[in-house]
Each structure stands twice: as structure tokens, then as C-alpha cells.
Amino acid sequence: VDNTGAEQQEVLHAYVGAGMQMPMDEIAVEFEKKYGIKVEYDYSGSGALLSKIVASNQGDIFMPGDCSYVYQLEDKEMIKECSNVTKHIPVIAVQKGNPKNITGLSDLGQNGLELALGDDSISLGKLFKKILAKAETKGLNITKAVDTNTVVTGATVKQVLLYVTEKNVDAAVVWKADAYENPDRVDIVPIESEYNIVKTVPISILSTTENYENSKLFYDFVNNEGKEIFEKHGFVALE
Amino acid sequence: MKNNDFLKFFSLFALSVFILFILMIVMSIVTNISFETFYDSLFSKEIQFAIKLSLETASIATILGTLLGVPAAYALARYNFKGKDIVDSIVELPVILPPLITGFALLVFFGNTVFGKFITENIIEILFTYKGTIVAQFFVATPFIIRTSKSVFECIDEKYELIAQSLGSKKYESFLDVVIPMAKNGIIAGAILAWARSIGEFGATMMLAGATKMKTETLPIAVFLNISLGDLEKALAVSLIFLLVATLVLVIIRSVLKIGENNDRL
Amino acid sequence: MKNNDFLKFFSLFALSVFILFILMIVMSIVTNISFETFYDSLFSKEIQFAIKLSLETASIATILGTLLGVPAAYALARYNFKGKDIVDSIVELPVILPPLITGFALLVFFGNTVFGKFITENIIEILFTYKGTIVAQFFVATPFIIRTSKSVFECIDEKYELIAQSLGSKKYESFLDVVIPMAKNGIIAGAILAWARSIGEFGATMMLAGATKMKTETLPIAVFLNISLGDLEKALAVSLIFLLVATLVLVIIRSVLKIGENNDRL
Amino acid sequence: MLVIENLRKNLSNFELYIEKLEVKNSDYFVFLGLSGSGKTTILEMIAGFIKPDSGKIMLNGVDITNKPINERKIVLCNGKYLFPHLTIQKNIEYGIKHLKKPEKKEKVDNISKLLNITHLLNRKPERLSSGEQQRVALAMALVMEPEIILLDEPLSSLDRLLHEKLMYDLKEVHKSSNVTFIHVTHDFSEAAVLSNKMAILRNGKIEHIGTLQNVLKHPQNEFVAKFVGIKNILYGNCIEKDGNYIIQLLGFEIPVKEANYGEITLGIFPKDIIVSKKSEKDSKIYAGKIKSIVPSGPFDSKAVIEFNNIELISEISNSDLLKNPLKKGDSVEFYIDSISMIG
Amino acid sequence: MLVIENLRKNLSNFELYIEKLEVKNSDYFVFLGLSGSGKTTILEMIAGFIKPDSGKIMLNGVDITNKPINERKIVLCNGKYLFPHLTIQKNIEYGIKHLKKPEKKEKVDNISKLLNITHLLNRKPERLSSGEQQRVALAMALVMEPEIILLDEPLSSLDRLLHEKLMYDLKEVHKSSNVTFIHVTHDFSEAAVLSNKMAILRNGKIEHIGTLQNVLKHPQNEFVAKFVGIKNILYGNCIEKDGNYIIQLLGFEIPVKEANYGEITLGIFPKDIIVSKKSEKDSKIYAGKIKSIVPSGPFDSKAVIEFNNIELISEISNSDLLKNPLKKGDSVEFYIDSISMIG
Ligand SMILES: Nc1ncnc2c1ncn2[C@@H]1O[C@H](COP(=O)(O)OP(=O)(O)OP(=O)(O)O)[C@@H](O)[C@H]1O
Ligand SMILES: Nc1ncnc2c1ncn2[C@@H]1O[C@H](COP(=O)(O)OP(=O)(O)OP(=O)(O)O)[C@@H](O)[C@H]1O
Ligand code: MOO
Ligand SMILES: [Mg+2]
Ligand SMILES: [Mg+2]
């Protein structure tokens with residue numbers, strides 16, 4: 001089963017947020033071409049990955065959907081190095097053709113609109129709470145209305161998005177990159193920049209790594225060549 | 001009998017190995033929680049809600065599954081029809097299917113098909129409510145009831161029913177008067193299994209009902225949410241709570257049944 | 001017999017309702033896939049790998065589970081010891097525990113406890129390899145083998161063993177010569193159940209072995225990854241592939257066993 | 001009257017066929033047959049548990065072949081199938097559960113007294129002996145006052161003393177009710193004691209229907225003869241001589257009462273070959289030689305007597321043997337007390 | 001020789017206790033008892049299937065009480081427990097599986113011929129009749145050439161004809177081997193035919209050990225008497241008179257051969273109360289009155305004779321009744337052919 005080929009081939013174990021499969025798979029191919037080092041991704045929700053790292057005490061690279069997860073590990077002194085790679089931009093995903101004619105954040109308070117959000121336990125959920133709070137300070141009081149309209153909260157971003165693609169709800173707040181992958185099923189409505197808060201996707205080297213040199217090579221590769229690939233997949237790279 | 005006891009030694013050894021394995025897993029959970037976290041979790045409003053919701057939905061799903069599954073099992077045990085082998089296999093599908101896929105398919109069915117939409121819109125709101133939790137649990141639990149009841153029905157000599165009919169009962173009367181009481185223990189065993197399966201159900205539940213706090217958050221979902229938060233200790237604490245609640249209920253049910261049995265013998 | 005057939009009507013009706021429910025779920029999957037997506041998925045390298053890995057790990061886990069579970073079941077069926085009731089309940093724990101919690105606890109055990117670490121570092125690398133998949137599947141599948149085998153052993157009159165011993169066999173010989181062949185069908189039924197449970201196992205597998213493409217990606221994990229990708233259609237296609245593979249294998253095993261049985265009767 | 005006509009049932013490689021059978025009301029009818037001869041199958045068709053492939057079953061002129069089980073007024077009772085979850089009281093009440101309480105109580109009380117099971121009413125069936133279970137089953141059937149009660153080997157698996165007691169009880173109960181009893185057994189002496197009429201089954205066919213006397217004296221064929229205990233089967237010629245009928249058998253002549261010309265088959269019970277120097281009834285005395293002698297029970301022995309190149313089996317009581325000991329090779333004289341005509 | 005001493009076993013509310021029992025080598029020993037009397041329990045202790053609570057079992061001087069089952073050279077055989085997954089051939093070979101192939105084949109062939117099961121060797125047990133299954137079980141045991149073969153009701157559940165055949169076969173097989181047979185049954189006539197010696201069990205205790213003659217003539221107590229078929233139990237005084245022993249019974253005097261002073265219990269078999277005007281042996285003739293008469297089997301009837309305020313049960317052959325019909329109320333004369341001394 002273990003057909004890693006050459007037995008002594010060096011392998012990196014990287015925990016990567018499941019939402020970044022597309023760009024990261026491509027990066028792994030390029031990286032292996034260049035250095036002959038194989039990268040194995042363990043995809044899952046960022047929080048699940050965090051728990052996994054703490055529980056298993058193993059791994060080289062951690063790339064969650066949000067910096068906060070890295071901070072938590074830093075508190076436990078499990079992070080060697082960390083930098084930001086791309087932006088994660090929250091957007092409103094609506095059903096194809098935008099039947100409810102949603103134009104921005106303010107429309108999410110519409111009477112009878114059905115809304116799916118991320119649970120507070122995932123970064124997207126937490127972030128959206130902050131966005132609503134920010135909007136309040138700027139005079140857009142829709143927190144209550146949004147609360148009423150929220151028919152479901154999901155435990156992963158993909159789950160939240162799924163409810164839109166499956167037409168179970170009218171709109172959902174997701175990362176732009178996720179919505180971007182489903183162009184034939186959802187339309188993207190940006191959140192007005194005055195309210196929006198953008199997250200950054202970090203990459204970090206774990207202190208549990210047993211091969212710092214290779215980890216560092218990959219870390220640098222993602223920070224340089226990787227950014228281009230991320231942009232190809234709808235992410236907005238950081239300068 | 002020493003030279004002969006290799007079998008006893010070996011089989012008890014195998015049993016011990018597996019038991020130890022399980023206990024180590026449980027210990028892994030227990031030793032990683034501080035009492036405080038456990039206490040706080042147990043008495044947090046959210047977890048109290050999750051306990052209540054878990055117990056309620058699992059019980060309702062089990063009752064519904066029993067009401068539908070027991071007659072279905074009887075049909076499978078007693079009547080012959082074309083394609084019975086296939087029907088038998090179809091009944092088992094929900095056991096084979098990973099809950100994730102099940103939940104996904106249920107979501108598609110209720111959200112995206114004419115018939116499913118009709119139900120959700122006109123009869124009962126299933127998506128994103130605790131009713132969805134029940135539907136998902138019902139779906140994965142009922143096969144256990146059908147399978148167990150079926151094998152009990154097959155064990156009960158059909159002559160008891162025929163003799164009951166010979167004594168003047170209608171067919172459905174002989175079923176209710178004779179078959180059901182005789183199959184009681186087997187049916188209950190199946191229902192317990194189904195209940196255990198229901199209360200632990202996670203994948204399908206999460207898809208269909210969502211993971212909405214204080215609304216559709218069952219104990220397994222609470223664990224998942226805490227894992228997502230990266231709060232390892234709290235996740236483990238909730239896991240332990242789940243373990244205690246489920247075990248407690250099963251032990252109580254079993255001992256109540258045992259007392260009932262002993263009374264029978266008096 | 002018209003006035004009497006209410007029972008037949010009602011029980012067949014209940015059965016049909018549940019079967020229809022399942023079929024609708026399956027149809028929800030099938031109708032949302034284009035043939036192309038299905039074809040592409042089926043013949044993609046990744047899915048081919050997942051099929052192979054799923055079949056292999058589930059089979060190995062089932063074999064290991066049988067080797068440990070059958071003697072353990074025998075011990076539970078034949079010997080009396082203190083705390084047997086408790087042991088009986090502990091064996092069932094992996095059935096009650098949501099796989100997510102199981103996988104999580106296994107992860108803590110192998111990654112964070114002295115004994116578990118010792119195993120992973122010195123004996124066998126379990127975390128994030130296909131061996132982890134097998135361990136997780138073994139853990140959730142073995143209770144099914146123990147439970148089924150135990151009830152078959154309890155059904156087999158102990159006199160057969162005693163008579164075999166009377167005819168000169170040692171205890172372990174009477175177990176191997178007489179009990180095992182007599183319990184064969186029950187053990188196989190348990191193993192099939194365990195296999196089905198293993199191949200569908202997702203939560204524990206993902207925790208312990210990770211969701212690494214072309215390495216620990218079983219079919220259910222492939223479904224998960226595709227859902228994570230947001231590629232609904234492909235997720236459904238992989239679900240269908242899973243369904244077909246699992247059903248096919250089960251049908252083949254069952255019909256092979258049936259042929260064997262018929263030969264017995266010749 | 002129960003009438004069965006052209007009843008046919010195929011079960012894997014077994015075929016049951018009954019051309020015609022009539023059981024009068026209030027009769028005690030016994031089906032006799034070895035294991036697998038189809039006894040249970042017949043009972044279950046009469047009860048309606050299984051459907052015949054073709055043919056008719058009529059009760060008092062009404063065709064009941066396709067009547068639902070619960071409307072036949074025919075009850076099959078079987079002590080092995082008491083309802084295990086109910087007390088004996090509830091078991092007996094089962095068939096009359098629609099009646100009012102006092103009425104039920106009275107009926108159960110009466111029937112329990114009749115069958116001597118009053119002290120068992122509060123127990124569960126598992127705590128009864130097989131004999132008691134059979135009694136309860138009978139009570140369950142009787143309390144319904146059916147037309148016919150069907151009994152499937154009610155006395156098998158009882159031990160000796162119990163067997164005898166329950167057999168006479170059955171006879172009593174039948175006499176005191178006017179229900180038709182149809183009883184199935186493989187034990188000929190049960191049939192002899194209980195039945196007004198019996199049918200001997202083999203392989204799904206009735207070989208003989210008749211009273212006990214008829215079966216003993218005129219068994220329909222060699223199977224029936226062997227079944228009822230005839231161990232000596234001989235072939236002879238029946239002729240008339242001087243106004244008397246005589247069977248010529250291997251050079252000897254045996255006088256018989258009835259005429260039956262031509263080659264005929266004869267049967268002699270072992271007990272009817274009597275070793276003695278003197279016939280009580282002036283039957284002819286033959287001379288033979290003991291070939292072997294072994295006990296056949298506590299009081300009798302089985303002697304094989306060689307006589308004119310054939311072997312005859314005779315039953316000799318042990319008390320006679322005590323007076324006149326016999327051993328292999330001894331010469332003996334004997335006479336034949338009674339002969340059955342086979343066919 | 002098998003010796004059992006002070007063997008004790010408690011099972012829920014049943015207690016088995018055997019003070020002393022000896023079974024000689026090559027004997028055919030039969031345990032007789034009703035259901036639940038402890039027959040199976042004794043056999044299983046001898047076989048080693050269950051452990052006694054206390055006491056000793058010795059075989060040829062060696063204490064085997066705690067020996068593993070497979071080292072006892074004692075085989076329990078039971079047709080109900082053939083190994084269902086093996087052919088008859090493999091079943092018979094089971095106990096000699098360590099032997100070489102040709103040797104095995106020879107042994108199996110010989111034993112199969114002896115027991116007439118050669119044609120069954122390739123079948124599975126489920127396809128055999130109960131009689132055939134018992135034969136196979138016997139073959140499985142015999143082929144091992146054990147010291148003792150234990151048989152748990154080998155003839156029960158066989159039908160009449162088969163029962164007789166297999167019973168004589170068992171006797172033959174026992175004679176031709178020199179294995180000790182210990183056989184358990186509830187059927188007294190089986191014991192009468194087969195045993196050299198029998199033990200009658202009740203409620204876990206041996207009530208009587210002896211030969212057939214001994215059991216019939218001197219049953220240890222009333223239970224044994226009833227068990228062997230004595231239906232008349234009377235109490236009398238034995239005195240000496242003119243050099244002869246006489247039992248005074250309800251005003252009459254019955255001459256007996258053996259002395260046994262004081263109040264004694266007597267038993268009379270129904271067949272020994274002979275209705276006749278003339279005693280063959282000059283026994284005393286009594287006069288009584290028929291109280292009831294019912295058939296007791298195909299050839300005999302049971303008459304209750306009232307005599308001097310007691311009831312005697314007599315067996316009268318139906319052929320005698322045909323000659324001299326009797327009915328309720330008739331006066332009859334009878335004599336007593338033989339008396340058993342109980343105690
Ligand atoms: N459901 C069935 N399917 C196939 N064959 C059957 C079925 N029931 C009975 N038989 C066969 O029919 C024959 C008659 O069976 P039945 O039970 O009537 O015999 P029986 O005289 O009652 O025997 P017993 O004395 O053993 O009870 C047997 O050869 C049996 O194998
Ligand atoms: N395992 C047991 N536990 C408790 N009681 C038992 C057990 N085995 C037997 N007994 C009881 O011991 C008594 C003797 O049983 P045993 O089987 O020896 O009788 P038996 O003479 O063989 O009867 P049968 O003729 O019915 O086979 C019975 O009262 C029975 O209920
Ligand atoms: O990387 Mo995420 O869990 O999809 O935020
Ligand atoms: Mg029958
Ligand atoms: Mg017994």
C-alpha cells in the first residue's frame with residue numbers, strides 16, 4: 001500500500017486547511033519537481049488540525065485558514081516560524097443568478113431571507129460576528145435581523161457553502177476562494193469594504209519538525225512561488 | 001486439567017487484550033481532562049442543552065424506528081416475495097454507508113428533489129431543525145432494529161401463531177398477543193443498539209440539521225465544535241460526558257429489564 | 001383469508017416505506033451525477049488508489065478483528081468470571097462512541113501517552129499511515145465480530161465440545177475441530193458486518209491516519225475531501241462508487257457462501 | 001362429520017394423498033404412522049395451518065378447505081407450544097378472551113378441575129412437566145368447545161407412569177365431552193386403548209382404516225401387519241374340505257373360520273404361537289426346534305422356532321420358561337392359537 | 001471395574017448422591033429412572049463433563065475423578081450430537097484421527113459393517129434418521145476401543161420397529177466387544193432385555209441395584225415396585241405354619257416359598273392375577289367382582305377386581321375375554337400366580 005516509491009525519499013507532513021486543497025496540491029507538485037521532496041498534506045478543518053497537532057505531537061508544517069490558530073500554538077511554544085501567505089476574504093455567496101437580489105451586507109437583514117453562517121467555533125463564524133460589530137459602529141444595525149435570518153450554522157466553511165449550492169438557503173457568508181470554486185452554482189457578492197475585515201492565511205513551521213531544512217525549503221517555496229498559484233485559485237496574495 | 005487449559009488461557013487473553021485496548025482509549029480521554037474543565041463543561045448551559053437534545057432525539061428516533069422496523073422485520077421474516085434477498089441487502093445499506101455520505105444524500109434529497117422539498121415545505125420542516133437530527137438518526141438506527149427483530153422473529157416457531165389462530169385469534173391478534181411478547185427481549189436489544197447508534201450519530205446529523213448551538217447541537221456535534229475550536233481539553237471533557245451519559249442510560253435500561261425478567265420468574 | 005390479512009398488508013407496507021426511503025436517498029445520489037463525472041472519477045488515479053486502499057485496509061482490519069475477536073467471544077460465551085457483565089459492556093463501547101471521539105482518543109493515546117508513543121516509535125508507525133487506518137477500523141469493527149460470534153457460540157450446545165473431548169481431543173482441538181466449523185456461518189456474518197463497518201469508517205480513520213491523498217485516502221475520506229473542495233458532483237460520484245464497491249463485494253461474498261452451503265447439502 | 005376427499009399435498013420429495021376419509025362426530029380417531037409418514041401434515045391441513053395443493057375438507061357439510069384458521073371450530077393443541085409469556089390461567093383463557101370475566105373464570109375453573117391442573121394456574125408453562133403441559137394444552141382447546149380437537153403426539157416424551165395416567169385421562173375427557181378427537185401417534189398401543197377407529201399411514205398414504213379388531217385380524221397388507229406386531233408372515237392356499245375351510249401351508253393344514261380362496265398371506269402374532277404339548281382348543285400340534293431365545297421384555301422372551309425350514313417367532317412368558325426351561329437346540333411342540341388374514 | 005464412592009453433586013434444588021456403585025468390566029449396566037432423576041448427571045460425571053462436588057470415581061483402581069475428559073478411556077456417545085459439519089466417515093474417524101490413513105480406513109470399515117452403516121459413510125448427519133444417528137454415535141465410540149461406553153437414552157425417540165431392531169443390535173455389539181456399556185433409560189423393558197445389572201434411580205438416589213430377576217421379585221421399596229409395573233401393593237403378615245411359610249393377608253392365607261416374618265409389603269403384577277376357575281398350580285382360588293374393565297393395549301385389558309373391600313388390578317388377554325366375556329359387575333374367580341416381596 002505504501003507506494004511512496006524510493007524508500008529513503010524525504011517526506012514532509014503538512015497540516016493544511018481543507019479549503020486550500022486546490023492551490024496546495026499544485027504547489028506540492030511544483031515543489032517536488034524542484035527539490036525532489038515529497039509533501040504529504042493532511043487536509044481537514046483548521047481547528048481539527050490544531051487539535052490533531054496537539055494530540056499527536058507530530059508534523060512539520062501547519063497552514064490553517066486563519067492566523068488565530070497559529071497564535072494558539074505559539075502559546076504552547078509549538079511554532080518555530082510563521083508568516084502570512086494570502087488573504088482570506090469573506091464574501092456573500094448567493095444562489096446562481098442571485099434570485100433574492102442581494103447586493104451587499106445590508107441586504108442580509110431582509111425580511112424572510114434564509115442565511116447560513118459559520119459556527120462561532122470556526123474562524124469564519126468568529127470573523128463575521130466582528131464584521132457585524134464593525135458595521136454597527138458605522139450605523140448598519142442588522143445584527144438582530146441577521147440572527148433571525150440565520151437558519152443554520154455550519155461546522156465547516158464547506159458545509160456552509162453547501163447549503164447555498166444545494167439551494168437550502170438563499171445566502172451564506174464564506175471565503176471568497178471557496179465560492180470561487182463553484183462558479184456554476186453560486187454567485188459572489190462582495191461585502192462592502194467599509195465593513196469587511198480580511199483574514200490572512202499563514203504558513204508556519206512546527207517545532208515538532210524533525211527536518212527543519214526541508215520544512216524551511218517548503219515554507220519559503222510557498223511564500224514565493226506559491227503566491228502565484230494561490231492567485232490562480234481566487235486567493236488574493238499578500239505583498 | 002492443566003494441559004488442557006490452553007484454550008481457556010488463550011481466549012481469555014484475547015479478550016483481555018481487546019478490553020485493555022478499549023480501557024487505554026478511555027484513559028487517554030480521562031487523563032487529559034482537569035476536573036475543573038469537566039465540571040465547567042458539564043454544567044455549562046450549552047452542554048446541558050446538548051445532553052437533553054441528544055437524549056430526546058435518540059429516544060424519539062428509536063421509538064419511530066421501532067414502530068416502523070418491527071413490522072418490517074416481521075414481513076422479512078415471515079413472508080416470501082420476489083427479490084427478498086435484494087430487499088434484505090437494501091435494508092442494510094444505511095449501515096454500510098458512511099454517515100457523511102448518508103447525511104449528504106439526505107440533504108440533497110430534502111433540499112433538492114421534488115418529493116423531498118414537498119415534505120420540508122408542506123409537512124414537516126426537516127432541514128436545520130432538531131427534526132432533521134431525528135430523521136438522520138432514524139435512518140441509521142432503523143436497520144439495527146430490523147435486523148435484530150428479524151432474527152428473533154425467525155427464531156420464534158410459527159406454530160405459536162398458528163395455534164393462537166387455531167384458538168380463535170385473527171392474524172394481527174396473534175402477532176400482537178403472542179409474537180410481540182415472545183420477541184420482546186430481542187426487540188428491546190435491537191432498540192438499545194439503535195439508541196446507542198443514534199446518540200452517537202454525528203456525520204449525517206451535522207449535514208442535515210446543521211451544528212447550530214442551542215438548537216441542533218447534540219453531544220457529538222459539541223465535541224466536533226470544540227475540536228474545531230482547537231479546544232482539546234473541552235472536546236475531551238464533552239467526550240467523557242457523552243460516554244458517561246450513554247453508558248449510564250444503557251446500564252439503567254439493562255438493569256431495569258433484568259429486574260423485569262426476574263419478576264417474570266416469580 | 002381476506003379479513004385476516006391486515007397483518008401481512010401492514011407489515012409489508014412498513015417494509016416498503018423504509019425501502020423506499022433508502023432508495024430515494026440512493027436516487028438522490030445517482031440523479032445528481034453526470035455519467036462523465038462518474039466515469040472520470042472511477043478511472044482517476046486517486047479514486048483507484050482509494051478503492052484499493054479501502055478494500056485492503058478493511059480486509060486486514062477484519063482479519064485482525066476476527067483473529068482477536070473470535071477467541072474473545074468464546075471466552076465471553078463459555079467462561080464465568082467476576083465482572084463479566086461489565087466486560088460485556090466495555091466490549092460494546094466502540095459501538096456507542098462516535099467515531100470522531102474514538103479517533104480523537106486513539107490519536108491522544110498513540111501520540112501523547114507513554115505506552116502509545118512507545119508503540120509508534122519502536123514497534124509500528126501508526127499515526128498518519130495506512131496502518132492507522134487499519135487500527136481505527138479494527139477498533140470499531142471488532143465489537144461486531146465479538147458480539148455476533150458470542151451469540152453463535154452461546155447457541156452451540158457445549159455438549160458437542162465435551163463429546164469431542166470424550167473422543168480424545170484436547171480442549172483447544174475440540175474448539176478448532178468442532179466449535180469453529182459449527183460457528184462458521186455466524187462468524188462469517190459477523191466478519192461481513194465488521195468489514196462493512198470498516199470500509200465505511202470515516203471519523204476515526206481521518207483523525208488517526210489523516211486525509212492525505214494517495215496515502216491514507218480511503219473512499220469515505222475521498223468523499224470528504226471532495227466535499228471540502230466544494231465539488232459536490234464529484235463527492236456524489238465517489239459516494240456512488242463507494243456504494244457500488246461495498247455492495248458488490250458483499251453480494252459476491254454472500255453468493256460464494258451460498259454456493260458453499262448448497263454444496264454441503266449435496 | 002369431517003370428510004376429506006382427494007386431499008393432496010407435495011412437500012419437497014414427500015407426497016401426501018388421501019382419497020377419502022370420514023370421521024364421525026364425537027369419535028376418537030387415531031392416525032398411526034412412523035416418523036415422517038405425514039401425520040403432522042394431515043393434522044395441520046385439517047387445522048388450516050397449511051393449505052392442501054388440491055382436494056376438499058368438509059366439516060358437517062361445509063367446505064372448510066380455505067377457511068381462515070380461526071373460523072374453523074377446529075383446534076390443534078400441543079403441549080410443546082404453550083404461550084411462554086402467559087401464566088397457565090391466561091393460556092387457558094386465551095381462546096375465550098372475548099368473554100366476560102366471571103364467565104371466563106367459571107369455564108377455566110371447570111376445565112381445570114376436570115384435568116386436574118387447578119394448582120398450576122398461576123405458574124408459567126416453563127415450570128410445568130411435559131405431562132402437565134399436555135393437560136394445559138388440552139384445557140386450552142376444550143374450553144373453547146370446538147367441533148374437533150387435534151392432538152399431535154400428546155403422549156410422546158412422557159415417562160411410563162405418566163403416559164398411562166394421561167392416556168386414561170384423555171379417554172375419560174373424551175367420553176365426558178362430545179367433541180371429536182383426532183389424535184396422531186406412532187404408538188400402536190395408544191391407538192388400541194383410545195381409538196374408536198384408526199388409520200395407519202405410510203409415506204403419505206393411508207394403508208388401512210378400521211377398528212382395532214379389524215386391524216388385528218385383517219391387516220390390509222404386510223406393512224400394516226408388521227406395524228401392529230405380526231412377526232410371522234406366511235403364504236398359503238385356502239381350500240374347502242369337508243365343508244370346512246382349510247389353509248394349506250407347507251404341507252400342513254390349518255383350519256380357519258373364513259373362506260378366502262387361492263394363494264393368501266397369513267400373519268401370526270408371536271403371542272399366538274404357543275409352546276405347549278397340548279392345545280387348549282384342539283388346534284393341531286406341530287413339532288419344531290428352538291433356534292434362539294432372548295428376553296424381549298421383563299416378562300417375556302422371544303423364541304425363534306425352526307419348523308419345516310421356516311422360522312417362526314414365538315413369545316413365551318418368562319414364568320412359563322421358569323417352569324419348562326428352553327434353550328437353543330431343544331425340540332418343542334407348539335400350536336397356533338389365532339391367525340390373521342393379510343390383504 | 002468402575003467404582004463410584006460417595007459421589008455427590010448439587011444442582012440448583014436437585015441433589016445427587018451415590019454411596020457406592022460397582023460396575024464390572026464387560027458388563028452391560030443400565031440406569032433406570034424417570035425424567036429428572038439424575039441419569040444424565042451421573043453419566044456426565046463418569047464421562048468427566050461435570051465435576052462432582054465430592055466423592056470418588058475409580059476405573060481399574062485408578063482415581064479418575066479429576067482426570068481430563070480426553071484421558072479417561074471413557075466415551076459418552078449420543079446420536080443427537082453428531083458433528084454436523086462432518087460426513088459420517090469423518091465423524092467415525094474423529095476419535096482416531098491421529099492414526100494412519102489405511103489403519104483408519106480399516107477400522108472404520110469394520111465398525112461400519114458391524115453396525116450396518118456402510119452405505120451412510122458419505123452423508124452428513126442431518127440426512128440420517130435418529131436410529132442411524134445412534135448407530136453412528138456408537139460406531140464413533142467403539143472405534144476408539146475405550147474401556148467404557150456411556151449411552152444416554154440411545155433408543156428413545158425411535159419408533160417401535162426401529163427401537164426393537166436397534167435394541168437387539170446393541171445387545172449383539174456388546175457381546176462381540178468386551179467393552180463395558182453403561183446405558184441410561186426410562187424404559188424398563190429396555191433394561192430388562194439389555195442389562196446384566198440395573199440400578200433404579202429416584203430423585204438423585206439409587207433405590208435398587210440388582211439383576212432383572214432380583215428387581216422383579218424383591219423390589220427394594222414401593223417406588224421400585226411401581227416402576228417395574230407392580231400395580232397391586234398389599235400389606236400382610238408372614239408366619240410359619242406346618243413347616244410352610246404363609247402370608248396372612250386380609251383374612252386369606254397365601255403360601256410363599258421364602259420366610260420374612262412380621263408385617264411385610266407384597267406386590268402383585270397385574271399379569272399374575274389370573275382370572276380362571278381352576279388354578280394350574282393348585283393356588284388358592286378367590287372370588288371377586290369386576291369393577292371396571294378397559295383395554296390396556298392391543299391384546300390385553302385391565303380389569304379392576306373388587307375383592308374383600310380392596311381393589312386388585314388384573315391383566316386379562318383379549319383373546320381370553322373373547323372366549324369368556326366379562327363386564328362391570330360380573331363375579332369372577334381368580335388366583336394369584338406369583339408374588340413379589342417388597343423391601
Ligand atoms: N415444510 C416442509 N418442507 C418440506 N418437507 C416437509 C415439510 N414439512 C414436512 N416435510 C416432510 O414431509 C414428510 C412428513 O412430515 P410430517 O411432519 O407430516 O411427518 P410426521 O408423521 O408428523 O412425523 P413425526 O412422527 O416425525 O412427527 C417428512 O418426510 C418431512 O420431511
Ligand atoms: N446445569 C444444571 N443446573 C441446574 N439444574 C440442573 C442442571 N442440569 C440438570 N439439572 C437438574 O438436575 C436434575 C437431574 O437432571 P438430569 O438431566 O440428570 O435428569 P435425567 O434423569 O437425565 O432426566 P431426563 O430423562 O429428562 O434426561 C433435574 O432436576 C434438572 O433440573
Ligand atoms: O481552513 Mo477552514 O476550516 O476550511 O477555515
Ligand atoms: Mg409430526
Ligand atoms: Mg437425561
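Let me begin at ligand 2, where a backbone N or O atom of E:G36 lies 2.8 Å from an oxygen atom of the ligand, a polar contact in the sense of a pair of N or O atoms within 3.5 Å. Backbone N or O atoms of E:S37 and E:G38 lie 3.2 Å and 3.0 Å from an oxygen atom of ligand 2. The protein covers 56% of the 640 Å² of accessible area that ligand 2 has on its own, by the Shrake-Rupley method with a 1.4 Å probe.

I should say early that this is a predicted model, in which local features need pLDDT of at least 70 and side-chain atom pairs count only at pLDDT 80 or more, while totals for chains, interfaces and linings use all residues. Residues are numbered from 1 along each chain as its sequence is written, chains are lettered from A and ligands numbered from 1 in the order in which they are written, and side-chain values use heavy atoms, with hydrogens and water left out.

Around ligand 2 we also find, among others, E:L11, E:F14, E:K39 and E:E153, each having a heavy atom within 4 Å of the ligand. Helix 1 of chain E, residues 39-47, gives the most to this shell, with 3 residues; helices here are DSSP runs of H or I, at least four residues, numbered from the N terminus.

Turning to the copies, a rotation of 180° with 0.0 Å of shift along its axis superposes chain C on chain B, with an RMSD of 0.1 Å, fitted by least squares on C-alpha atoms of residues with pLDDT of at least 70 in both. That is the relation of a two-fold axis.

Note on methods: Polar contact = N/O pair within 3.5 Å; in protein donor to acceptor, adjacent residues only side chain to side chain. Helix = DSSP H or I, 4+ residues; strand = E, 2+ residues; numbered from the N terminus.
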